[in-house]
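Please open the model in your viewer and keep a selection panel at hand. The stops below move from one pair of residues outward to the interface around it.

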Amino acid sequence: MKIIVNGQPREVRSVCLDALLVELRFKHIAAATAVNGAFVPRAQRAATQLEEGDSLEVLVPMQGG
Amino acid sequence: MRVYDVELTSRLLLGTAQYPSPAILTAAVEASGSEVVTVSLRREAAGGREGQAFWSLISSLGVRVLPNTAGCHSVKEAVTTAQMAREVFDTPWIKLEVIGETDTLCPDVFGLVEAARILSAEGFQVFPYTTEDLVTAERLLAAGCKVLMPWGAPIGTGLGLTNVYGLRSLRAHFPEVPLIVDAGLGLPSQAARAMELGFDAVLLNTAVAKAGDPAVMARAFALAVEAGLAARDADPMEPRDMAAPSTPVLGKAVLG
């Protein structure tokens, strides 16, 4: 299915957010996720299903002021 | 200085952005003596290598992190970013920024108060990036904030304390609230002034990161903050308009 990952259109196989992070090679890093603008805590990733057209944000630590 | 349940010795909080290299960032943080550094969350390509490297570096410095919601222009964005930051950085602290205007990065104080209320209710310990406005300050405290961070000048300008009267009023009005001047400082003398005015700490980034030698500038700011604090504690003299000789007049020879 087609979803948006960090603003870019992506064709992905996984539906479950947990599996999707593995597929996108984000699994083993300190990252936080949001689907369609809503925060999805780590503990809820396994129970979160994505649908066609959904927007996923995967954010990582970065320099800040 | 006590902020929320944490006692801080250093009165200088430092940003981690815009340094020429990770090594220079490390040198600057060490030279500053800061116990708190600000960090952020951003998108990264698959794999997240840069973010991981940055996070490893910050973790190795042994400092506390204060994640920000920089760049957020709405309450929803800021609240979601704060929730994400709490999970990644494992801290209830959040430097809350809700930007209202692009040219000056002036806080949207209405959105700021609303976001502060939501986040405080969710257990966050909010450090609001605000203006020197007294009414906004009242509202932020009522929303649950236990510290306020008024700007000295717009972020990244280096203009220093552009409204000394406003800052002085804020200090006088809230004598018990930890107040941190956040943003707009360009020179150590401005940081010293903020401390002399009675502020509890200063937070800055660009002035150090964009200096020709960030580590030396970080040290200069640390010294200035310490000097300003010591000067305030020493109870400064009152200024006066007319000269008063400091050398005793009594006993002066008559030679002319």
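Begin by selecting Val60(A) together with Arg42(B), which is the bridge partner of Val60(A) in strand E4(B); bear in mind throughout that this is a predicted model.

Next, extend the selection to the whole of E5(A) and to strand E4 of chain B, residues 36-43, where you will find the two strands running antiparallel and joined by five bridges.

Now select Glu57(A) and Arg43(B) and show their side chains: the two residues form a salt bridge, in which the closest N and O atoms are 2.6 Å apart. Across the interface of chain A and chain B, the rule finds two salt bridges. Polar contacts between the chains amount to 13 residue pairs, counted with both residues at pLDDT 80 or more.

Colour the strands of chain A next, since three of them deserve a look: strand E3 (32-35), strand E4 (38-40) and strand E5 (55-63) each supply at least two residues of the side that touches chain B. Of that side, E5(A) gives the most, with seven residues. Sorted by class, the side of chain A that touches chain B comprises 15 nonpolar, eight polar and four charged residues.

Finally, select everything in contact across the two chains, which takes in 27 residues of chain A and 30 residues of chain B. The area buried between chain A and chain B is about 2400 Å², with carbon and sulfur atoms giving 59% of it. To end the tour, highlight Pro61(A), Met62(A) and Gly65(A), the residues of chain A that lose the most area to chain B, together accounting for 26% of what that side buries.

Notes: Residues are numbered from 1 along each chain as its sequence is written. Chains are lettered from A and ligands numbered from 1 in the order in which they are written. This is a predicted model: local features need pLDDT of at least 70, side-chain atom pairs count only at pLDDT 80 or more; totals for chains, interfaces and linings use all residues. Side-chain values use heavy atoms; hydrogens and water are left out. Contact means heavy atoms within 4.5 Å. Buried area is the accessible area (1.4 Å probe) that two parts lose on being put together, summed over both. A salt bridge is a side-chain nitrogen of Lys or Arg within 4 Å of a carboxyl oxygen of Asp or Glu. A polar contact is a pair of N or O atoms within 3.5 Å; within protein, one must be able to donate a hydrogen and the other to accept it, and residues adjacent in sequence count only if both atoms are side-chain atoms. Helices (H or I, at least four residues) and strands (E, at least two) are DSSP runs, numbered from the N terminus. Ala, Val, Leu, Ile, Met, Phe, Trp, Tyr, Cys and Pro count as nonpolar, Asp, Glu, Lys and Arg as charged, and the others, Gly among them, as polar. Two strands pair if DSSP finds at least two bridges between them.
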